[in-house]
Amino acid sequence: MSQCMARCGNVWAAQRDCRRRGGRSPVDEKRLALGVGSVPVGLLSPRLPVSPFVPLQRGHDRRVLPGCGLVSSLQRGSAGAGCSIRAFAWHPHTSKFAVALLDDSIRVYNSSRSPRSLRGSPQADKALLKRRLSQRILKCCRLSPSPAASPGRTSVPAAARSCPVTAGPGPQGAPGTALTQTSATVPILKHRLQRSVAALAWKPLCASILAVACQSCVLVWHLDPTSLSTRPSSGCAQVLAHPGHSPVTSLAWAPSGEMLLSASPVDTAMLVWDVSTENCVPLQWFGGGGVTYLAWSPDGSRVLAATPSAVFRVWEAQMWTCERWPTIKGRCQTGCWSPDGSRLLFTVQGESVIYSLSFSEYSGELQGQVGGSKTASIVADLSETGFETLYGEERIGGEVHSMAWDPSGERLAAVIRGSPEAAESRTIVAVFRTRNSPVFELLPCGFLQGEPGAQPQLLAFHPCFKKGALLTVCWSTGRISHVPFFFVSAQFPGLSPRHSPVAALSSSASVREQPLFSEL
Amino acid sequence: VLGWRVAASVAWSVLLLPLCTAAFISISSIDLLHPIQWISNSFNDWYTSYAIFCMLLLSVVILIISIFNVEFYAVVPSIPCSRLALLGKIIHPRQVIHSAVHAIMGMLVAWCAAVMTKGKFQFLAVPCTASESLDGAVQHMCLNEYHLFLLLSGAFMGYSYSLLYLVNNMNYLPFPIIQQYKYLRFRRSLPALVKHSCVESLYLVRNVCVAYYFFGYIPRAWISATTDLHADSKLHPLDTLTGLLDLSLLYHTWLCGIFLLITWHIAWLLFKIYATEAHHFPVQPTFTEETDQCLPKILNSNPPLIIKFLALQDLMLLSQYSPVRRQEVFSLSQPGGHPHNWTAISKECLNLFRDLTQKLIMQQEAAATNGRVKQPSAGEPPQAAVSEEMSFQAQRSNVSRAHMPSLVKSSLLPLKTLSTSDLGSSFGSPFSSPALNRQAGILDLNSPWHGSVQSPHVMRRGPKLWTSSSDLQMNGSHQESFPVISVARVGNEAIQPSFIYTWLQNKQEQVRSFLSKRVLIMYFFSKHPEASIQAIFSDTQMHIWALEGLSRLVAASFTEDRFGVVQTTLPAILNTLLTLQEVVDKHFKLPHASSKPPRTSGSLMDTSYKTLRFALRASLKTAIYRITTTFGEHLNAVQVSAEHKKRLQQFLEFKE
């Protein structure tokens with residue numbers, strides 16, 4: 001057994017200590033709330049039309065989807081009953097995202113303006129946002145009362161107190177008001193073979209090639225970004241099928257865009273595709289079953305592959321050798337890589353902790369060595385804790401179901417699911433502040449919760465949000481909300497962060513955060 | 001480099017031979033009813049002198065097969081453009097030798113298999129079952145037809161293997177898409193190999209039976225006549241239905257086929273794996289005598305094609321994985337401070353791209369002006385002299401230059417325009433038969449007036465053109481006499497490529513136009529559009545690596561290039577890439593270009609060369625995006641033409 005079980009204290013406790021000492025308590029919620037005023041509207045307005053959802057959800061209650069059992073139990077976010085959104089993926093370079101709905105159609109939303117051009121007119125944005133906010137039902141989600149938002153220090157405006165962003169319109173919100181900023185065409189992708197979509201992935205370093213993991217194959221859609229058609233023909237889709245490789249549930253593109261990994265929980269081989277020539281190389285091993293979760297490190301050097309058994313593997317992406325990591329309790333649920341690929345955070349089913357596994361710095365030719373450290377250490381203990389809030393005591397904590405680390409490496413979001421026995425504990429998104437160098441730090445900074453009854457399902461960070469981090473949460477009600485975090489990144493603010501790991505290393509020394517936008 | 005690899009692969013395939021043989025012996029004497037006896041018997045059989053002798057013989061066979069593998073390998077697949085070309089390839093002397101040797105080897109393997117199988121297959125001559133002399137003093141020897149059948153089937157299988165080797169382009173060495181250890185690669189493809197061999201052997205057995213049914217009496221009669229052995233009158237002759245429906249015979253033939261195919265395929269697979277393994281070329285020589293082996297030198301010289309491929313692959317790998325070696329690329333030379341390494345590498349890559357651009361433009365020209373250029377050539381009087389020929393070629397090159405889109409600026413077309421476009425247009429134009437191609441190529445290489453115009457760069461292109469047209473050279477058994485004669489003549493009278501040459505050319509045109517009216521001839525001659533497109537992109541793997549390597553180097557230079565050596569070449573790189581991108585885009589608008597050939601998944605044969613053009617398009621786009629995302633806004637400061645600037649802006653906005 002290779003993990004050392006060095007228990008560090010409960011993070012929540014650490015947090016409380018921190019506050020008592022009057023030290024730097026993270027006040028991100030406030031900043032988050034205050035920052036609402038200048039959320040780029042172009043980013044906000046892509047939203048799901050409400051109409052297709054109502055019948056869909058009803059339909060889902062009644063019928064059992066073919067193959068839903070296996071696939072949905074392994075899907076990352078499908079937190080039980082209402083899984084109205086199957087998959088979500090941001091484009092790695094532009095403000096464009098794809099959403100796979102329950103009926104296996106995929107919609108691609110595209111903001112008409114790039115985030116770069118948004119800097120120009122904050123006034124107009126603000127005015128528009130005010131109008132929008134006033135039209136909304138504003139109580140859709142309240143920030144959870146967390147330790148940091150103590151009554152003494154908050155002077156949050158009432159409007160900002162409420163949900164910062166509503167992606168879907170309220171039940172009686174006039175549809176169409178916010179559509180003015182999105183590009184008019186929302187391509188809907190449908191294909192004969194596109195069944196039980198489990199994952200989406202945009203090809204990096206490419207305008208719009210979208211890989212879709214389906215029941216029997218991987219579909220690769222070649223979309224023309226300039227085209228105005230709303231229903232691309234199925235001729236635009238390339239079918240990658242391999243005998244014995246189904247259902248495909250996870251996909252990962254190499255960050256350099258040459259290769260596509262696809263994996264299935266049933267097939268023991270993981271396939272490396274050269275998409276353009278449709279060649280594939282199966283990577284086989286023995287024991288452990290298939291692959292339930294794939295994550296390629298942002299620097300392209302390593303790949304995490306979790307199996308349905310209590311083992312996960314870390315592949316090294318040059319010579320394709322792997323290191324085997326047995327876990328104590330259950331299978332590896334989810335994992336995410338730091339931007340420079342030197343640290344892996346992962347969680348295990350049945351344990352409410354986050355493990356960290358650090359890897360030797362990727363330098364020179366490793367020649368087939370994964371180079372992981374000997375043991376994994378626990379960096380956060382998320383066991384259940386009660387919080388005294390204005391609304392009474394709330395209990396939060398439990399297993400982590402999915403995690404996302406923002407591309408600058410400064411925010412970590414995790415879906416924490418409460419224990420099923422306790423009725424009052426619930427699923428919630430916890431956001432942490434992280435720092436990767438010189439030493440790894442993880443501090444809690446707040447919670448996000450949706451409307452009553454809504455459970456967070458999928459998490460994703462915008463890959464190139466210039467002013468901090470933009471977290472996108474898909475809720476079980478079919479809503480997608482974008483939550484911006486504004487901070488001055490210690491990282492070199494230009495360019496796309498994933499391509500300058502050197503800059504990331506050199507400059508992440510001082511984390512100084514200021515509220516950039518203080519008034520609405 | 002290659003020598004050691006070949007030796008290692010041969011050694012391994014010989015070492016694996018006893019394993020295969022042991023497995024073959026055990027399976028061939030399988031006896032399910034008495035498993036223990038069977039196992040002990042087969043253990044004993046392994047040590048018999050027969051088996052050991054056979055093993056030695058088989059090692060020799062493997063050695064010879066490996067020698068043929070080495071002799072015949074190619075990194076650029078040869079794609080026959082028409083059926084006649086394929087036919088021509090089969091009767092090419094090289095291929096005939098290949099087939100003959102393989103047939104003999106097949107017979108040897110079958111003999112070994114027969115001897116090791118024992119039983120009724122062991123010897124060619126057996127005592128007759130019904131010997132007339134009942135006293136037994138004089139035993140008559142009879143022909144063992146089973147043995148003969150096995151031998152013939154071995155020869156047939158060897159020949160079929162050789163044919164399939166040709167048709168499936170098994171001599172093509174596909175480079176793997178990911179680097180893996182050799183053992184893992186071998187283990188990965190072993191199940192596919194075994195399965196493929198079994199199925200293949202089944203088909204071959206069927207074919208053998210059919211062939212023997214119809215023609216079996218010929219070799220039997222011949223053997224009986226020469227060795228004075230007579231067929232056993234009591235047994236059924238094997239070329240009847242009842243004779244052929246002998247299950248044990250079929251089973252053993254099938255096993256023998258599997259054994260043959262597996263051992264040969266293993267030799268082939270090992271050679272492939274060893275030859276395509278990444279090789280580490282030093283960027284900077286540590287000692288002076290190593291200068292010839294370092295990367296920039298190899299890229300700029302004209303090594304065997306496989307070395308060039310390996311060098312480009314290594315360039316791609318170093319640009320991706322090795323910061324230390326990247327640093328060496330960006331470094332300056334010690335006395336003098338010139339970035340020799342970078343200059344050499346980038347120059348070679350850009351040259352590759354320019355060549356490809358030229359080739360594609362010519363091909364598009366040919367497609368666009370289909371039939372227009374044909375008129376002057378048909379109307380040309382047969383007594384055209386050298387000067388006319390010259391002017392004609394010049395005119396053609398003018399035409400093609402005029403048709404060249406404006407994007408090809410004169411900066412991209414240095415002095416060599418004339419000669420390369422000559423080459424290209426005669427290469428791609430529709431009326432040029434392969435034979436003419438060959439003549440043109442030879443003319444360009446040999447004739448003095450051309451040689452004077454040629455830059456050394458074109459000289460280097462020469463061999464490449466030769467190899468690509470040599471696939472086609474057998475096109476037309478009817479015309480075989482023409483190219484041979486003309487080649488000889490042109491070679492002799494290089495000073496005045498004369499009369500006869502032009503006369504022959506015209507005659508040839510006439511013959512062609514006459515023949516093209518016949519349907520059967522058209523069937524053989526009609527070019528398969530897909531194949532001709534594949535032929536253009538057959539060596540594109542090189543370009544793909546160059547694209548990846550160069551773009552990664554440029555992207556890495558953003559942070560790692562301390563002396564700014566890359567900046568100076570950045571405009572040229574962008575120009576070349578964008579031009580190529582434009583041409584490739586245009587190419588994909590041609591008919592047939594964007595349709596995919598049917599994909600055969602899971603087979604042992606690699607058909608990736610059929611889709612290389614898609615890989616080129618994808619990696620070209622990725623390369624440009626890699627540069628644009630790394631440099632971002634800074635690219636606006638790079639000097640490129642307005643057209644390219646617009647294009648770059650589109651890439652920056654991810655609108656491409």
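## Where chain B meets chain A, and how its helices pack

Put chain B and chain A together and about 3,500 Å² gets buried between them, with 60% of that area on carbon and sulfur atoms. Keep in mind that this is a predicted model.

Let's stay with the interface for a moment. On the chain B side, 37 residues are in contact, and they touch 39 residues of chain A. How many salt bridges are counted between chain B and chain A? The count is two. You can look one up yourself: the side chains of B:R626 and A:E258 meet in a salt bridge, with 3.0 Å from N to O. There are also four residue pairs in polar contact across the interface, both residues being at pLDDT 80 or more.

Which parts of chain B supply the side that touches chain A? At least two residues each come from α7 (182-215), α12 (305-321), α13 (323-330), α25 (540-560) and α27 (612-631) of chain B. The largest share belongs to α27(B), with nine residues. Sorted by class, the side of chain B that touches chain A has twelve nonpolar, twelve polar and 13 charged residues.

Now for the inside of chain B, where helix α6 has two partners to look at. Here are the two pairs:

| Helix pair | Angle | Axes | Crossing |
|---|---|---|---|
| α6(B) (residues 145-167) and α10(B) (residues 247-275) | about 35° | 10 Å apart | right-handed |
| α5(B) (residues 93-117) and α6(B) | roughly 145° | within 7 Å | right-handed |

Start with α6(B) and α10(B), which pack at an angle of about 35°. On α6(B), the contact residues include B:Y146, B:F149, B:M157 and B:Y161, while α10(B) brings, among others, B:L249, B:L260, B:W264 and B:W268. What classes do the residues of this contact of α6(B) with α10(B) fall into? They divide into eleven nonpolar, seven polar and no charged.

Next comes α5(B), whose axis crosses that of α6(B) at roughly 145°. From α5(B), residues including B:H98, B:H102, B:A103, B:G106 and B:W111 take part, and they meet a set on α6(B) that includes B:L151, B:G154, B:A155, B:G158 and B:Y159. By class, the contact of α5(B) with α6(B) has twelve nonpolar, nine polar and no charged residues.

A few α6(B) residues are worth finding in the 3D view. B:L150, B:G154, B:G158, B:Y161 and B:Y165 are among those in the contact with α10(B), and these residues are also listed in the contact with α5(B).

How values were computed
Residues are numbered from 1 along each chain as its sequence is written. Chains are lettered from A and ligands numbered from 1 in the order in which they are written. This is a predicted model: local features need pLDDT of at least 70, side-chain atom pairs count only at pLDDT 80 or more; totals for chains, interfaces and linings use all residues. Side-chain values use heavy atoms; hydrogens and water are left out. Axes are lines fitted to C-alpha atoms, for helices over the stretch in contact, and angles run from 0 to 180 degrees between N-to-C directions. Helices (H or I, at least four residues) and strands (E, at least two) are DSSP runs, numbered from the N terminus. A crossing is left-handed if the near helix is turned anticlockwise from the far one by less than a right angle, and right-handed if clockwise. Contact means heavy atoms within 4.5 Å. Ala, Val, Leu, Ile, Met, Phe, Trp, Tyr, Cys and Pro count as nonpolar, Asp, Glu, Lys and Arg as charged, and the others, Gly among them, as polar. Buried area is the accessible area (1.4 Å probe) that two parts lose on being put together, summed over both. A salt bridge is a side-chain nitrogen of Lys or Arg within 4 Å of a carboxyl oxygen of Asp or Glu. A polar contact is a pair of N or O atoms within 3.5 Å; within protein, one must be able to donate a hydrogen and the other to accept it, and residues adjacent in sequence count only if both atoms are side-chain atoms.
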